[in-house]
Amino acid sequence: MTAGGQAEAEGAGGEPGAARLPSRVARLLSALFYGTCSFLIVLVNKALLTTYGFPSPIFLGIGQMAATIMILYVSKLNKIIHFPDFDKKIPVKLFPLPLLYVGNHISGLSSTSKLRVSRLECSGAITAHLQPHPAGLKRFSCLGLLNSWGYSLPMFTVLRKFTIPLTLLLETIILGKQYSLNIILSVFAIILGAFIAAGSDLAFNLEGYIFVFLNDIFTAANGVYTKQKMDPKELGKYGVLFYNACFMIIPTLIISVSTGDLQQATEFNQWKNVVFILQFLLSCFLGFLLMYSTVLCSYYNSALTTAVVGAIKNVSVAYIGILIGGDYIFSLLNFVGLNICMAGGLRYSFLTLSSQLKPKPVGEENICLDLKS
């Protein structure tokens, strides 16, 4: 059981069925919440970066981090939520998340300078995939926002999908999780589908591939360590969100200043446009919701589930592009690959949900209680 599931079990008076039901609902709703937020921010960021031509994606990421910090701090002051006050032990408790963020950010920027990718592909990622989504925080890396400026290179999409099997591997090593063969095959079906989808346009750039693979490693490690750090007895999910955003905003601001991104933001000519300002603020708020939903999904499920939900979201965006038109250029090979990706993601979802619905043997329940004691 997850930490959330254990807390619910304690409040259920020892009724196993009653204890498991809220946990299943929380897992399902948290995954849907994350997928919805991840999808909505794609639409809003796409409007800002393409329709209005906003030239400063890093500044937009800073705005989303600032919104996260302010919302959580005001909520703490009003006693809506709780997380520990800052002390000298906080950086130790949070370690190595800030270092993983810096590595994620640098490798992300380096990869986008070597491999230019499509606007629609990552225009909603601010970290994730913080996605997913601080705290699994590939979505605070601004990688997706930067990627939205490039041109199509499907191989980038294939390489980014390797975040999923890397997450599976790191969860096995760091968290001691064990996955069934069916789960593993579902994950590799997603990778296979990505390869097939990109099969008509595979380019080779060794240096770019190395940076993207490093970015995959940092993203996967960030998600797994975030899951580990969300112990309610330590920082908790709100503490991880708040302090990770606090530590990330300073280096991101430095990068924004040094690259000229901040100057471009201040000189942008739409700041007197009320509609643009409202959409900018909406993006900042959705950035907070994305961070929060990423944490919730990892908290109630796993870092692997968060990564798979992100992959399903990306394929869903491609399907919408097929139906509505505009960004998606149809080819049979690409369409077949997308369907294999989606089938692998749905198969993973079905296996995960069905495993939660199976009642535990009495012996296993007793073992869990003994371990908890």
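**Chat: two helices and a leucine**

Mentor: In this predicted model, the axes of helix α9 (residues 163-175) and helix α10 (residues 181-197) come within 9 Å and cross at roughly 155°. Axes are lines fitted to C-alpha atoms, for helices over the stretch in contact, with angles from 0 to 180 degrees between N-to-C directions. Helices (H or I, at least four residues) are DSSP runs, numbered from the N terminus.

Trainee: Ok, so is α9 roughly parallel or antiparallel to α10?

Mentor: Roughly antiparallel, because of that angle; the label needs over 145 degrees.

Trainee: Which residues meet there?

Mentor: From α9, Ile 164, Pro 165 and Leu 168 meet Ile 184, Val 187, Phe 188, Ile 190 and Ile 191 in α10. Contact means heavy atoms within 4.5 Å. The residues split into eight nonpolar, no polar and no charged. Ala, Val, Leu, Ile, Met, Phe, Trp, Tyr, Cys and Pro count as nonpolar, Asp, Glu, Lys and Arg as charged, and the others, Gly among them, as polar.

Trainee: New topic: is Leu 94 buried or exposed?

Mentor: Leu 94 is buried (under 20% relative accessible area, 1.4 Å probe, protein chains only), at 0%. Leu 94 sits in helix α4, residues 90-94.

Trainee: What does Leu 94 touch?

Mentor: Leaving out residues up to four places away in sequence, Leu 94 touches Lys 229, Leu 235, Val 240, Tyr 243, Asn 244 and Phe 247.

Trainee: And what's the mean pLDDT of the chain?

Mentor: 75, with 71% of residues reaching 70 or more. pLDDT is the predictor's confidence in each residue, from 0 to 100. Over residues 1-22 the pLDDT is below 50.

Trainee: How are things numbered and counted?

Mentor: Residues are numbered from 1 along each chain as its sequence is written. Local features need pLDDT of at least 70, side-chain atom pairs count only at pLDDT 80 or more, totals for chains, interfaces and linings use all residues, and side-chain values use heavy atoms, leaving out hydrogens and water.

Conventions: Buried < 20%, exposed > 50% of the residue type's maximum accessible area, 1.4 Å probe, protein only. Parallel < 35°, antiparallel > 145°, perpendicular 65-115°, else oblique.
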